[in-house]
Every structure is written in C-alpha cells, then in structure tokens.
Amino acid sequence: MKSLDGIKFAEMVQMGAHHLSQNANFVDSLNVFPVPDGDTGTNMNLSMSSGAKETNSNADAHIGKTAQSLSKGLLMGARGNSGVILSQLFRGFGKHIEKLSEIDSVQFAGAFQAGVDTAYKAVMKPVEGTILTVAREAAAKAVEVAKEESDVIKVMEALVEEGRASLNRTPDLLPVLKEVGVVDSGGQGLLFIYEGFLASLKGEALPERSNTSIDDLISAEHHRVQDFMSTEEIVFGYCTEIMVRLDKNKEPFDEAKFRQELDVMGDSLLVVSDDEIAKVHIHSETPGSVLSAGQKYGSLIKIKVDNMREQHSAIVNDQPTNEVKPVPAKKEKHPYAVVTIAMGEGIANLLRSIGASYVIEGGQTMNPSTEDIVKAVKETEAERVIILPNNKNIIMAAEQAVELLDIEACVVPTKTIPQGMAAILAFNPEASVEDNKSGMTRALANVKTGQVTYAVRDTSIDGIEIRKDDYMSLAEGKIILSTPNLIEAAEKVLTELVDEDSEIITILYGTDATEEQANEIAEFIEEKYPDVEVEIVAGKQALYPFIFSIE
C-alpha cells in the first residue's frame with residue numbers, strides 16, 4: 001500500500017478503538033499498585049471511543065479532515081493522564097497532515113513523530129518508561145523505516161514491533177518498575193491501538209492478547225513517579241501575561257523557538273498559539289523582556305503584569321475562613337466560581353458548604369473527561385473560575401479544559417480531597433485568578449492526607465507484603481501497612497502523620513465503614529492526641545473506608 005486516505009484511516013481508528021475496548025479491563029488489571037482504582041484502561045478506552053465516534057460521524061476521503069475529527073473527539077473525551085496524553089499524540093498527528101488528502105509512508109511516519117513531539121510538550125515533567133516512551137521509540141522506528149520503505153503497511157509493522165520492544169524495556173527506565181520487574185500499562189494500551197491499526201491495514205483479524213501474566217506488568221500512572229504537577233515556591237515575582245497578534249511582515253513565528261527563548265526568563269511558562277495569535281503566561285523578574293520578545297513576532301493586544309509578592313502578602317494578611325459563602329444557585333453571571341471534583345455525596349456537600357460552587361461527581365475509577373469539566377465550568381456562568389481536580393489523574397484533563405475555555409480560568413493541582421478542602425478555604429474572592437492560584441497552591445502544604453483502602457490482589461510494594469482484601473494504610477499516598485483489621489489500618493495512618501503541629505483532624509468515613517467505627521477512631525485520637533480537634537463527616541465515598549485530613 002503506497003498511500004493512505006481518510007476512509008481507510010477511519011477504518012483503522014475503529015479497529016484500534018475496538019481492540020483497546022476489548023482489552024480495557026486487562027489494561028486496568030495491570031496496575032500492580034493494589035488500590036482498587038487502576039483505571040488506565042478505562043480512561044484510554046473512553047477517550048479513544050470518543051475519538052472513534054467523532055471520526056465515524058465525519059469520515060472523509062481527505063485524510064487530513066478525518067484526522068482532525070479524531071483529534072477533536074479525543075480532545076473532548078480525554079480522561080485521566082493517559083487519556084490526555086493519547087489525545088495529544090493524535091492532536092500532533094492530525095496537525096501534521098491536516099492539509100493532505102492522502103499520505104505516503106514518509107508522511108505517515110512523520111505524523112506519528114509529530115504526535116510524540118506534541119505530547120511531550122503537553123506534559124510538564126515527562127517521565128520515561130511510560131506511554132510517552134513507547135510512543136516516542138515506536139515513532140522513531142517508523143521514521144527510520146520509512147526512509148527506505150514506501151509501503152505504509154511495512155511502516156506500521158515496524159512501528160508495532162518497536163512498540164512491543166519498547167514496552168518490554170520500560171522496567172529499565174523506571175526504578176519503581178525495575179523493582180518489581182514489570183512494564184507500563186499506558187504503553188500497553190497504546191500498543192493495543194497500534195495493533196488494531198495494523199490489523200485494519202492488513203485486512204486481518206485482531207491479534208490475540210499476549211500471554212504475559214499480570215504479575216509481569218504494571219501501571220506507572222498510579223505510582224509516585226508519574227506525578228506531573230508539583231508545588232513551587234515563587235522565585236520570579238511578576239506574573240506576566242501577553243497576547244500577540246502574529247504579523248507575517250515581522251520575524252516568522254516558531255512556537256518551539258519562542259518557548260525556548262522565554263524559558264530562561266522565569267518559570268510557570270505556558271505558550272499556546274494558532275495561525276493568528278500567540279498567548280504567553282510566565283512568572284518572571286523581567287516582564288519587560290517578555291514583552292520585547294513577543295513584539296518581535298507581532299503587536300501586543302493584551303498585557304497583564306502582577307506583582308505576586310505584594311499580592312501574596314495581602315492574601316496572607318487577610319486569609320479567608322470557612323465563612324466564605326457558597327455561590328448562589330440562581331442563574332446569573334457570577335464574578336467567580338470554584339469548580340471541584342469529588343466522589344461521595346457527603347464529601348460533595350462538605351465542599352459546597354465551605355465554598356465550592358460546583359462539584360463534579362468523579363474521582364477514583366470515575367475520572368471526568370475534558371468535556372465534562374468544560375460543561376461544568378459553563379454551568380456556573382462565572383466570569384473567572386478556579387478548578388480543583390482533587391486527584392492527580394484528573395489534573396491534565398483539567399488543564400486541557402482550561403485551554404478550551406473562553407473565560408479566565410486556572411487549575412490548582414490538588415491531588416486529594418483534603419488538599420481540595422485546604423485550597424477552598426484559602427480562596428480569596430477579591431483576588432485575581434493568578435493570585436488565587438498562588439495562594440491556594442501554597443495552602444496545600446498545610447494539610448496531610450491519610451487514606452485506608454483495600455487490596456485488590458496479592459503483591460509486594462516497598463518491602464510490604466500485601467494480601468488480597470487486606471486493608472492498606474496510605475500516608476501521603478505511600479503504603480505503610482497491610483492488615484486484615486480496618487481499625488488497625490486507620491490508627492497506623494494517624495500515628496504516621498499526626499505530629500506536634502497538628503491541630504485538626506477530619507475523619508471522612510465511606511460506604512465501607514460505619515459511624516461506630518469512625519467514633520472508635522475519634523476516641524483513639526482524643527486519647528493519644530488530646531490537644532487535637534476531631535471532626536467526623538459521613539463522606540459516603542466508595543473504595544476508601546476512611547480519608548483523613550490532618551491540618
């Protein structure tokens with residue numbers, strides 16, 4: 001096959017989506033980290049299904065148009081880190097061929113490489129040994145083979161073969177994988193899609209799943225090594241935002257070059273552009289230099305520079321308390337909204353009571369999509385919005401949602417419900433979005449998160465032997481105990497996290513715990529830590545009998 005058109009590519013997408021769908025549960029099961037929320041396969045499947053649906057509805061002989069439909073569907077349906085990365089892979093793929101009616105082997109391989117480049121830019125801290133590595137090494141092989149091979153099928157065969165080899169090498173790249181001798185599930189999910197593409201091209205049946213055992217595989221997405229967001233100190237004092245209307249009569253705009261030029265001027269850099277506009281956000285000590293850099297490419301049509309040190313000082317001296325009132329429910333244009341994500345009716349009610357405007361149902365095993373978050377933000381009818389994911393696997397989808405909004409918005413990278421609570425209490429309705437992001441992010445350092453959940457399989461993590469159905473004590477996400485006794489697991493978490501600076505402990509008990517058990521734990525706290533105030537809330541969350549917020 002010397003060329004590929006849009007109709008054939010649409011068939012490939014359907015086959016790739018189907019193959020992933022058939023194996024989504026298997027991909028979920030690859031998460032050896034034994035909490036009951038291994039949802040990489042679910043997230044990738046829902047994301048790819050959205051892309052396949054959009055592609056099927058808008059299939060066109062022009063492959064550029066078909067690829068754009070896939071990109072759009074994936075973008076709106078992206079769930080979890082794995083889903084967002086998948087959407088970025090095919091966003092770059094589609095952009096590379098958007099003007100082509102059909103493509104040859106070189107252009108086909110180049111599209112995969114363009115997808116990799118886009119995905120790496122989207123991830124703040126790329127981690128090797130993950131889906132990114134599998135995508136990168138597979139694409140590089142395709143590009144190499146396409147230099148000598150004009151058959152599109154042969155290029156796809158090379159890409160799949162290298163993808164398998166790359167997946168098997170992931171344990172050599174991540175210490176947490178090497179420790180157990182396993183591979184990454186996000187990469188496995190991507191490989192299922194690529195295998196579907198190849199089967200469609202060759203007119204063959206989908207391949208049987210390999211006989212690799214679950215004990216030989218793992219999901220890096222659910223481990224500490226895959227944290228893409230982190231709290232940073234304000235080192236650069238001026239929050240600088242500019243929007244440049246690109247001028248073809250000035251220096252040709254190169255987004256990568258521009259980003260590299262700005263990178264040395266500060267941190268928290270974001271550059272987003274299309275054919276007409278470039279938007280920049282950066283924290284810098286020299287905002288004038290940022291403006292000058294932008295002017296080389298066109299006229300400045302928006303400029304905003306805030307002194308973050310002065311504004312942060314104002315927030316510190318006038319911290320809001322839990323007296324912040326919820327936004328009224330009636331339909332009217334509100335100046336501000338805080339949109340957050342939570343699992344459990346009791347937790348949702350608690351978040352609303354301390355200031356959340358809108359609570360999206362979701363969390364472990366139920367990661368909302370980019371489109372879900374966009375719709376929730378629009379539902380608030382607010383002029384400015386703060387989004388709190390409350391789960392590390394939702395942060396990227398939230399960030400992607402911000403890029404699709406036409407209002408001022410930001411994401412505070414909360415990874416747990418206690419962090420979300422702390423962020424809401426630090427919200428200042430009189431401050432700018434950027435100042436709120438700074439102040440609310442800093443507030444995350446004032447809370448610790450303890451959790452008790454159950455093991456879904458036998459395994460060994462960090463030297464701790466874990467048995468299926470045992471209760472596990474998680475202190476700031478790290479497993480510290482596995483025991484068949486729920487109360488023992490809860491007390492272990494508290495003993496690990498409570499110290500002399502702790503003042504308030506909130507016990508959120510879920511559907512797998514009772515009020516009597518919560519009271520028993522409260523009595524333990526009062527006896528062992530008499531100076532600590534205890535609050536009990538029926539969170540009604542699934543999967544986690546207890547969540548502890550320690551301030």
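User: Quick one to start: is Pro418 buried or exposed?
Analyst: Heads-up that this is a predicted model: local features need pLDDT of at least 70, side-chain atom pairs count only at pLDDT 80 or more, and totals for chains, interfaces and linings use all residues. Residues are numbered from 1 along each chain as its sequence is written, and side-chain values use heavy atoms, with hydrogens and water left out. The labels follow relative accessible area with a 1.4 Å probe on protein chains only: under 20% is buried, over 50% is exposed, and in between is partly exposed. Pro418 has a relative accessible area of 2%, so the label is buried.

User: Which helix holds Pro418?
Analyst: Helices here are DSSP runs of H or I with at least four residues, strands are E runs of at least two, and both are numbered from the N terminus. Pro418 sits in the run covering residues 417-425, which is helix α17.

User: How far apart in space are Pro418 and Ser549?
Analyst: Contact means heavy atoms within 4.5 Å. Leaving aside neighbours within four places in sequence, Pro418 has contacts that include Val447, Lys448, Phe548 and Ser549. Pro418 and Ser549 are 131 residues apart in sequence, yet their C-alpha to C-alpha distance is 5.0 Å.

User: What backbone atom does the side chain of Ser284 reach at 2.8 Å?
Analyst: Ser284 lies in strand β7, residues 277-284, and is buried because its relative accessible area is 0%. A polar contact is a pair of N or O atoms within 3.5 Å; within protein, one must be able to donate a hydrogen and the other to accept it, and residues adjacent in sequence count only if both atoms are side-chain atoms. One such contact puts a polar side-chain atom of Ser284 2.9 Å from the backbone nitrogen of Thr286. At 2.8 Å, the Ser284 side chain reaches the backbone oxygen of Met265.

User: Which residues does Ser284 contact, leaving aside its neighbours within four places in sequence?
Analyst: Met265 turns up here too, as a contact of Ser284. The full set is Phe236, Gly237, Tyr238, Met265, Gly266 and Val290.

User: How many salt bridges are there?
Analyst: The rule asks for a side-chain nitrogen of Lys or Arg within 4 Å of a carboxyl oxygen of Asp or Glu. One network of them links Glu128, Arg136, Glu137, Glu162 and Arg169. By this rule the count is 21.

User: How many residues apart are Arg91 and Glu403?
Analyst: Their closest N and O atoms are 4.0 Å apart, and the two form a salt bridge. The pair links distant parts of the chain, with Arg91 in helix α5 (residues 80-97) and Glu403 in helix α16 (residues 395-404). Arg91 is partly exposed because its relative accessibility is 37%, and Glu403 is partly exposed at 45%. Along the sequence, the separation is 312 residues.

User: What is the N to O distance in the salt bridge of Arg259 and Glu255?
Analyst: Both residues lie in helix α11 (residues 255-263), four residues apart, about one turn of the helix. Arg259 is partly exposed at 22% relative accessibility, and Glu255 is partly exposed with a relative accessible area of 22%. Their side chains meet with an N to O distance of 2.6 Å.

User: What angle lies between the ring planes of Phe253 and Phe258?
Analyst: Rings of Phe, Tyr and Trp (its six-membered ring) pair if their centres lie within 6.5 Å; planes under 30 degrees apart count as stacked, over 60 as edge-to-face, and the rest as tilted. By this rule there are 15 aromatic pairs. Phe253 and Phe258 form an edge-to-face pair, 5.7 Å centre to centre, with the planes at 70°.

User: Why is the pair of Phe546 and Phe548 stacked?
Analyst: Phe546 and Phe548 are both buried. Their ring centres are 5.8 Å apart, and the pair counts as stacked because the planes meet at 10°.

User: Which ring does Arg384 lie over?
Analyst: A charge sits over a ring if NZ of Lys or CZ of Arg is within 6 Å of the ring centre and within 35 degrees of the ring normal. At 4.2 Å from the ring centre, Arg384 lies over the face of Tyr336.

User: How many residues are in the largest nonpolar core?
Analyst: A nonpolar core is a set of buried Ala, Val, Leu, Ile, Met, Phe, Trp, Tyr and Cys residues joined through side-chain atoms within 4.5 Å. Those with the most contacts inside the largest one are Met48, Phe108, Met156, Tyr194 and Ile373. Phe108 and Tyr194 also belong to one aromatic cluster, which includes Phe112 and Phe197. The size of this largest core is 76 residues.
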